[in-house]
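Colleague: I'm new to this one, so could you walk me through it and tell me how each label was earned?

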Amino acid sequence: MRIGHGYDVHRFGDGDFITLGGVHIPHNRGLVAHSDGDVILHAVCDALLGASACADIGTLFPDTDPRWKDVESSRILAEVLTTVAERGWKPKNVDVVVHLERPRLTEYRDQIRHQLGELLGISIDSVGLKAKTGEGVGPVGESLVIDSMAVVQL
């Protein structure tokens with residue numbers, strides 16, 4: 001058994017939706033990113049890579065490489081899962097915290113959990129997801145950024 005921890009953050013910018021855990025969520029802003037800016041999947045990727053003692057996603061999928069421009073993060077996750085499997089590991093469970101002031105994720109929670117389970121090849125019962133606000137304080141509370149932390153067990 002191995003455990004890994006991942007983290008990601010992106011600024012809000014122009015747009016009309018955000019993607020979290022592979023789910024498109026309508027919003028009055030988008031995220032500034034080289035890929036689709038899915039902070040949940042990015043944090044999960046780094047947790048998987050860390051647990052299997054690999055380099056992080058910034059090293060493996062640099063924002064200087066045009067192949068990853070505007071790519072859906074589910075594609076990055078698929079590549080990460082292949083790398084992890086080549087080292088003899090597979091996900092057992094994942095727990096995620098996402099910090100954002102808006103949009104509220106209550107109505108999307110189960111959809112995100114289901115999608116994460118599908119992408120990782122694990123049961124929804126092995127996917128934890130919590131959404132927290134910044135209580136109006138700091139970059140998250142002022143709706144300047146969104147961030148996410150993930151812990152995985154391999």
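Modeller: Sure, here is a tour of the whole chain, then its core, then a few single residues. Keep in mind that this is a predicted model.

Colleague: Which elements make up the chain, and in what order do they run?

Modeller: There are five helices and seven strands. Starting at the N terminus, the order is β-β-β-β-α-α-α-β-α-β-α-β.

Colleague: What makes the chain as compact as a globular protein of its length?

Modeller: The radius of gyration is 15 Å, and the globule rule gives 15 Å for 154 residues, so the chain is as compact as a globular protein of that length. Along the principal axes, the C-alpha trace spans about 40 × 35 × 25 Å.

Colleague: How much of the chain is buried, and how much area does the chain expose?

Modeller: Buried residues account for 47% of the 154. The exposed area is about 7,800 Å², with carbon and sulfur atoms supplying 50% of it.

Colleague: What about contacts between residues far apart in sequence, and what about charge?

Modeller: Take the contacts between residues at least 6 apart in sequence: 70% of them join residues at least 24 apart. As for charge, the chain has 15 positive and 22 negative side chains, and the centres of the two sets are 5 Å apart.

Colleague: Now the inside. Which residues have the most contacts within the largest nonpolar core?

Modeller: That core has 42 residues, and the ones with the most contacts inside it are Leu-20, Ile-40, Val-44, Leu-48, Val-80, Ile-112 and Ile-146. Several elements supply at least two residues each, among them strand E2 (17-20), helix H3 (73-86) and strand E7 (145-153). Helix H1 gives the most, with 10 residues.

Colleague: What does Ile-40 touch, leaving out residues up to four places away in sequence?

Modeller: Ile-40 touches Leu-20, Gly-21, Val-96, Val-98, Ile-112, Leu-116, Leu-129 and Ser-148.

Colleague: Let's go residue by residue. Why is Tyr-108 called buried?

Modeller: Buried means under 20% relative accessible area. Tyr-108 comes in at 14%, so it counts as buried. Tyr-108 sits in the loop between strand E5 (93-99) and helix H4 (109-120). Beyond its neighbours within four places in sequence, Tyr-108 is in contact with Ile-25 and Pro-26. From Tyr-108 to Leu-20 the step is 88 residues in sequence and 9.3 Å in space, C-alpha to C-alpha.

Colleague: And His-10, buried or exposed?

Modeller: His-10 has 15% relative accessibility, which is under the 20% cut-off, so it counts as buried. His-10 lies in strand E1 (residues 3-13). Residues up to four places away aside, His-10 touches a list of residues including Leu-31, Val-39, His-42 and Ile-146. Its C-alpha is 15 Å from that of Val-44, which is 34 residues away along the chain.

Colleague: Why is Asp-56 called partly exposed?

Modeller: The label covers values between the 20% and 50% cut-offs. Asp-56 has a relative accessible area of 38%, so it is partly exposed. The residue is in the loop between H1 and H2. Leaving aside neighbours within four places in sequence, Asp-56 is in contact with Asp-46 and Leu-49.

Colleague: How do you know that Asp-125 is exposed?

Modeller: Exposed means over 50%. Asp-125 has 69% relative accessibility, so it counts as exposed. You'll find Asp-125 in the loop between H4 and E6. The C-alpha atoms of Asp-125 and His-114 are 9.1 Å apart, with the two positions 11 residues apart in sequence numbering.

Colleague: What makes the backbone at Asp-70 and Glu-135 worth pointing out?

Modeller: Most residues other than glycine have a negative phi. Asp-70 is not a glycine, yet its phi is positive, about 60°. Glu-135 isn't a glycine either, and its phi is positive at about 55°. Asp-70 is in the loop between helix H2 (57-60) and H3, while Glu-135 is in the loop between E6 and helix H5 (138-141). With 53% relative accessibility, Asp-70 passes the 50% cut-off, so it counts as exposed. Glu-135, at 66%, is exposed too.

Colleague: Last one: why is the bond from Arg-102 to Pro-103 called cis?

Modeller: Its omega is near 0°, and the bond is cis. Most peptide bonds are trans. Pro-103 is in the loop between E5 and H4.

Conventions
Residues numbered from 1 in each chain as written. Predicted model: local features only at pLDDT ≥ 70, side-chain atom pairs only at ≥ 80, totals over all residues. Heavy atoms only, no water. Helix = DSSP H or I, 4+ residues; strand = E, 2+ residues; numbered from the N terminus. Rg over C-alpha atoms; globule rule 2.2 N^0.38 Å. Buried < 20%, exposed > 50% of the residue type's maximum accessible area, 1.4 Å probe, protein only. Contact = heavy atoms within 4.5 Å. Areas by Shrake-Rupley, 256 points an atom, 1.4 Å probe, with all protein chains shown as cover. Lys, Arg positive; Asp, Glu negative; His and termini not counted. Charge placed at Lys NZ, Arg CZ, Asp CG, Glu CD. Core = buried A, V, L, I, M, F, W, Y, C linked by side-chain atoms within 4.5 Å.
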